Amino acid sequence: MIEQVAIILPIVLPLATMAVLLLVWKSIAAQKVIGVIGSTLLMASAAALICLVNRDGMIVLQVGSWPAPFGITLVADRLSSIMVMLAGLMVFAVSIYSLVMIDDRRVDFGFHPLVQLLLMGVCGAFLTGDLFNLYVWFEVMLIASFVLLTLGGERGQLEGAIKYVTLNLISSAVFLAAIGVIYAATGTLNMADLALKLRSFTDDGTVSVLAMLFLIAFGTKAAVFPLFFWLPASYHTPPAAVSAIFAGLLTKVGVYSLIRAFTLLFVTDLEFTHNLLLLIAGLTMVTGVLGAMAQSEIRRILSFHIVSQIGYMLMGLALYTPLALAGSVFYIIHHIVVKTNLFLIAGIIERRFGTGRLAEIGGLYRSAPVLATLFFLSAMSLAGVPPLSGFFAKLTLIRGGLEAEGYAIVVVALAVSLLTLFSMTKIWAEAFWKPAPEGAATETSQNPYTMFERLSLFGPTLLLVTITVGIGVMAGPVMNASMATAEQLLDPDIYIQAVLPDQYLIESEGDLLIDDSTSEAHGLLPSPRGETH
Amino acid sequence: MEIVLAITVGGLYAAGIYMMLRRSVVKLLIGLGLLSHAANLLIFTAGGIVRGHVPVIPAGETQPLTQVADPLPQALILTAIVISFAVLAFALVLVYRTYQTLGTDDLDQLRATDT
């Protein structure tokens with residue numbers, strides 16, 4: 001019973017918070033307080049979910065007690081629970097940060113309810129066990145992100161939004177078409193059931209076609225090469241709090257879906273699909289980091305870095321060994337924390353100078369030593385300098401790559417990591433190190449922040465920096481968790497068995513067999529592949 | 001019947017992509033609309049076209065007695081139509097606001113955020 005509550009809470013809590021927020025639409029103060037309370041509660045429930053998954057293994061909820069292939073299924077495995085926890089943590093940090101950084105006009109237009117809606121979509125996408133539900137949660141998340149992106153209606157925001165909305169709608173259309181085709185081929189949309197049925201497709205190209213459709217759909221959302229160009233065009237336009245939450249969560253939903261699809265569903269033709277993934281991973285890393293080097297505005301640089309780091313996450317998935325996949329999981333954990341934090345810091349810098357263009361700012365090392373330290377730690381973590389979290393994430397991936405003998409991708413990953421360091425140094429040298437240029441906004445008083453602003457701006461940043469340092473110091477436990485996650489992902493039978501316990505029996509060798517007697521009892525609906533044509 | 005629908009789906013996709021490649025933002029929107037219709041029709045076709053009865057199981061039975069139409073694709077399309085309608089409505093407002101703010105509907109003029 002408690003498991004069922006724990007798995008539904010990450011979806012219901014944001015919904016409830018949003019409902020309460022809509023009730024207090026008129027009061028800006030109440031909106032802010034309830035927004036923070038809601039994300040705190042979500043974080044607590046996500047922590048409970050992680051503990052339960054850790055203790056009992058996978059948690060499955062058949063909504064409305066309809067048995068698995070017919071009803072709506074919610075599944076929480078290790079990866080899902082980690083992702084939900086990270087989502088809660090990021091929204092907690094951003095909602096505190098937004099107390100100061102989001103102006104009252106945007107709060108008035110419904111910033112806080114939209115964040116909760118976004119969170120509901122993200123958590124739903126992480127927890128669902130059904131492809132069509134995944135589509136619906138994607139749309140919930142997208143519509144919230146569309147409005148968040150355009151909230152305020154500034155020129156740049158609208159321009160960025162046109163590109164963002166168009167590309168995301170195209171990828172949704174492709175995703176929907178892929179759902180239609182996969183339903184025609186297998187007659188089911190439940191992921192566990194699909195995983196089982198897709199195993200019998202070995203000879204023809206059906207699985208490869210489906211895999212490519214899903215690769216395009218999820219790849220666009222994850223911003224992989226060559227489908228990433230909407231991301232740098234839009235992520236630097238909204239207020240920093242919004243870009244921080246986008247940078248932390250949205251592309252990672254795409255990566256999560258890719259990991260889910262290519263460890264559970266499309267594993268019959270590894271030679272083709274995962275080699276293609278490996279190629280995409282390498283190109284994503286290189287193009288992202290080269291794009292970042294050409295930029296001269298903090299948030300644009302950071303946006304391109306999201307692209308290059310998506311490549312690292314794909315690299316582990318493409319290599320498809322336990323160690324490499326553990327590296328991917330570790331990298332996602334590290335990346336969400338660090339990237340959100342860097343965008344938060346970029347927001348503080350932009351607030352100070354009124355611009356993020358590197359040529360017009362400077363001198364922060366002298367005037368804001370705390371901010372400089374926080375940025376330095378995050379930037380070095382992103383570049384992978386020991387002993388911060390990024391180092392261990394990259395080390396695991398590189399070790400995984402060497403073990404799987406993917407030497408080319410290892411070389412690319414190392415070179416890109418060096419270039420990342422280079423472009424982080426660029427921000428460091430321009431914004432912090434060089435003296436402030438003529439005409440730049442200078443400090444008017446000794447203490448530019450009130451106590452409340454200090455807490456609201458630096459509190460979340462400090463928390464996230466502590467986490468990234470903490471992951472570095474306690475790399476052992478995080479590594480063990482990533483390893484356990486990877487092993488669970490690489491054994492789809494665990495997933496299938498948890499979702500479809502009574503329909504499939506396990507033979508002594510561990511092979512799954514379809515038990516005819518029970519599946520016939522469930523066979524209420526005609527098969528679309530059968531005699532109905 | 002399936003051939004006709006398949007050709008229609010292909011035509012819708014082609015028209016949608018052609019419209020999206022135009023420079024006008026409004027035509028881009030029309031293209032997106034056509035694309036979502038194409039996807040819906042694709043699900044409908046792929047789900048299997050069957051002239052059957054409504055999928056209602058009589059009282060006391062566990063299976064439908066006659067051949068029935070598969071209700072799932074229709075449920076999927078219904079959901080997808082609602083979603084794409086909402087999203088398209090949002091996109092329409094977005095385009096209008098963009099036109100008001102920027103004074104152009106030419107995609108080539110939207111260059112400020114490009115890199």
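Analyst: A residue is called buried when its relative accessible area is under 20%, exposed when over 50%, and partly exposed in between, with a 1.4 Å probe and protein chains only. This is a predicted model, in which local features need pLDDT of at least 70 and side-chain atom pairs count only at pLDDT 80 or more, while totals for chains, interfaces and linings use all residues. Residues are numbered from 1 along each chain as its sequence is written, chains are lettered from A and ligands numbered from 1 in the order in which they are written, and side-chain values use heavy atoms, with hydrogens and water left out.

User: Is A:Tyr164 buried or exposed?

Analyst: A:Tyr164 has a relative accessibility of 1%, so it counts as buried. A:Phe146, at 0%, therefore counts as buried too.

User: How should one read a pair of aromatic rings, and how many aromatic pairs does the structure hold?

Analyst: The description of such a pair gives the distance of the centres and the angle of the planes. Rings of Phe, Tyr and Trp (its six-membered ring) pair if their centres lie within 6.5 Å; planes under 30 degrees apart are stacked, over 60 edge-to-face, and the rest tilted. Over all chains, the structure holds 24 aromatic pairs. In one of them, the ring centres of A:Phe146 and A:Tyr164 are 5.8 Å apart with the planes at 90 degrees, so this pair is edge-to-face. The two rings link distant parts of the chain, 18 residues apart: A:Phe146 belongs to helix α6 (residues 131-150) of chain A and A:Tyr164 to helix α7 (residues 155-186) of chain A. Helices here are DSSP runs of H or I with at least four residues, numbered from the N terminus.

User: What distance and what angle describe the aromatic pair of A:Tyr312 and A:Tyr331?

Analyst: A:Tyr312 and A:Tyr331 are stacked, at 5.0 Å centre to centre with 5 degrees between the planes. This pair also links distant parts of the chain, since A:Tyr312 lies in helix α13 of chain A and A:Tyr331, 19 residues apart from it, in helix α14 (residues 322-353) of chain A. Both A:Tyr312 and A:Tyr331 are buried.

User: Which residues do ring pairs link into a cluster?

Analyst: The cluster joins A:Phe132, A:Tyr135, A:Phe138, A:Phe175, A:Phe214, A:Phe218, A:Phe262 and A:Phe266.

User: How should one read the packing of two helices, and at what angle do the axes of α12 and α13 of chain A cross?

Analyst: Packed helices are described by the angle between their axes and the distance between the axes. Axes are lines fitted to C-alpha atoms, for helices over the stretch in contact, and angles run from 0 to 180 degrees between N-to-C directions. The axes of α12 (residues 270-293) and α13 (residues 298-319) of chain A come within 7 Å and cross at roughly 160 degrees. α12(A) is therefore roughly antiparallel to α13(A), a term for angles over 145 degrees. The residues of this contact comprise 17 nonpolar, seven polar and no charged; Ala, Val, Leu, Ile, Met, Phe, Trp, Tyr, Cys and Pro count as nonpolar, Asp, Glu, Lys and Arg as charged, and the others, Gly among them, as polar.

User: How do the axes of α11 and α14 of chain A cross?

Analyst: The axis of helix α11 (residues 240-265) of chain A comes within 7 Å of that of α14(A), and the two cross at roughly 165 degrees. α11(A) is therefore roughly antiparallel to α14(A).

User: Where in the backbone is the peptide bond cis?

Analyst: Most residues other than glycine have a negative phi, and most peptide bonds are trans. The bond from A:Phe225 to A:Pro226 is cis, with omega near -5 degrees, and A:Pro226 sits in the loop between α9 (206-222) and α10 (230-234) of chain A. The bond from A:Pro386 to A:Pro387 is cis as well, with omega near 5 degrees; A:Pro387 belongs to the loop between α16 (369-383) and α17 (389-403) of chain A.

User: What is the phi of A:Tyr320, and what is that of A:Glu405?

Analyst: A:Tyr320 has phi near 60 degrees, a positive value in a residue other than glycine. A:Tyr320 is placed in the loop between α13 and α14 of chain A and, with 19% relative accessibility, counts as buried. A:Glu405 likewise has a positive phi near 60 degrees. The loop between α17 and α18 (407-433) of chain A holds A:Glu405, which counts as exposed at 57% relative accessibility.

User: What distance separates the C-alpha atoms of A:Pro232 and A:Ser303?

Analyst: These C-alpha atoms are separated by 5.3 Å, although A:Pro232 and A:Ser303 are 71 residues apart along the chain. A:Pro232 is part of helix α10 of chain A and counts as buried at 3% relative accessibility. For A:Met380 and A:Ala481, 101 residues apart along the chain, the C-alpha separation is 24 Å. A:Met380 lies in helix α16 of chain A and, at 13% relative accessibility, counts as buried.

How values were computed: Parallel < 35°, antiparallel > 145°, perpendicular 65-115°, else oblique.
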